Amino acid sequence: ERFALLVSLHGAGDTDATYMNMWKGHGEKKRWIILAPKSRGPSWTPYCMVRIGQLVQELKAKYPVDAGKLYIHGYSNGGNTALLLASVNPGLFAAAACIHGFPSKAIAGRPEGQALKGTRVFACAGGKDPCFPLERVKETCTALEGIGVNVKLHERPEAAHSYPFDLQDQIIAFFNQAEAGEKKAQEAKK
């Protein structure tokens, strides 16, 4: 049996325990491996990004991880970092979820944006989020879609900058759709 691997990154000032607890039940039920690391400081740094990549490789070497079921998820600063990790590791992650965080639309014109073409991206933004305003996230999603990135935006018009725990099932369904798409692609190659 091969397992899915989910990397879940906390927001600035939050803790790894919050995200491990958030995904633990699903991980046990669906037999996913959950990696919820803690940043080295209050937010994610380049060192952290390198270390996360190393941890993913270590888990892949130690456990039977299904390469088509690698997912990355993050909230706020962790969401930005999740997308950056997906972009600097093209093809590693089947899907990425960026919750109430998103880089500038300028990413679409840089190599990082181009590298996201093979990764399905789920974005969630709130209409009252002062940190990552909904309009800015929409602009970035539109720019990424314009270069061929598969982006799904979930708008929460009344939401401020807070984690939407009620969307957990929707995020899981999004990851499962990435898995189904990978299976179809593999069958088509046969």
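## A walk from the core to the sheet edges

Start in the middle: the largest nonpolar core holds 38 residues, and those with the most contacts inside it are Leu5, Val7, Leu9, Val56, Ile72, Phe102 and Leu144. Show these seven as sticks. Keep in mind that you are looking at a predicted model.

Next, colour the elements that feed this core. β1, β2, α2 (46-62), β3, α3, β4, β5 and α5 each supply at least two of its residues. Pick out α2 in its own colour, since α2 gives the most, with 6 residues. Now select Leu6, Tyr19, Ile34 and Tyr75: they are among the 23 residues of another core, which lies apart from the 38-residue one.

Back to Ile72. Which residues does isoleucine 72 touch, not counting those up to four places away in sequence? Select Leu6, Val7, Leu9, Ala82, Leu85, Ala86, Phe93, Ala95, Ala96, Ala97 and Phe175 and you have its list.

Switch to cartoon and find the sheet. It's an open one of 6 strands, paired in parallel, and reading across it you get β2-β1-β3-β4-β5-β6. The edge positions belong to β2 (32-35) and β6 (151-156); each has a single partner strand, so one side of each is left without a neighbour in the sheet. Look along the strands for the twist: neighbours are turned by 15° against each other on average, ignoring direction.

Zoom in on the β2 edge. Strand β1 (residues 3-9) runs parallel to β2, and 4 bridges join the two. For one of the residues to click on, try alanine 4, whose bridge partner in β2 is tryptophan 32.

Then bring in two helices. Select residues 77-88 for helix α3, which lies across β1, β3 (65-75), β4 (95-99) and β5, at about 145° to β3. Select residues 134-146 for helix α5; this one lies across β5 and β6, running at about 165° to β6.

Last stop: arginine 120, in strand β5 (residues 120-126). Is arginine 120 buried or exposed? Its relative accessible area is 19%, and the cut-off for buried is under 20%, so arginine 120 counts as buried. Show its side chain together with that of glutamine 177: the two side chains make a polar contact at 3.3 Å. To see the rest of the surroundings, add Ala94, Ala95, Ala96, Asn150, Phe174 and Ala178, which along with Gln177 are in contact with arginine 120, leaving aside neighbours within four places in sequence. Keep Ala95 and Ala96 highlighted: they are among the contacts of isoleucine 72 and also among those of arginine 120.

Technical notes
Residues numbered from 1 in each chain as written. Predicted model: local features only at pLDDT ≥ 70, side-chain atom pairs only at ≥ 80, totals over all residues. Heavy atoms only, no water. Buried < 20%, exposed > 50% of the residue type's maximum accessible area, 1.4 Å probe, protein only. Polar contact = N/O pair within 3.5 Å; in protein donor to acceptor, adjacent residues only side chain to side chain. Contact = heavy atoms within 4.5 Å. Pairing = 2+ DSSP bridges. Axes fitted to C-alpha atoms, helices over the stretch in contact; angles between N-to-C directions. Core = buried A, V, L, I, M, F, W, Y, C linked by side-chain atoms within 4.5 Å.
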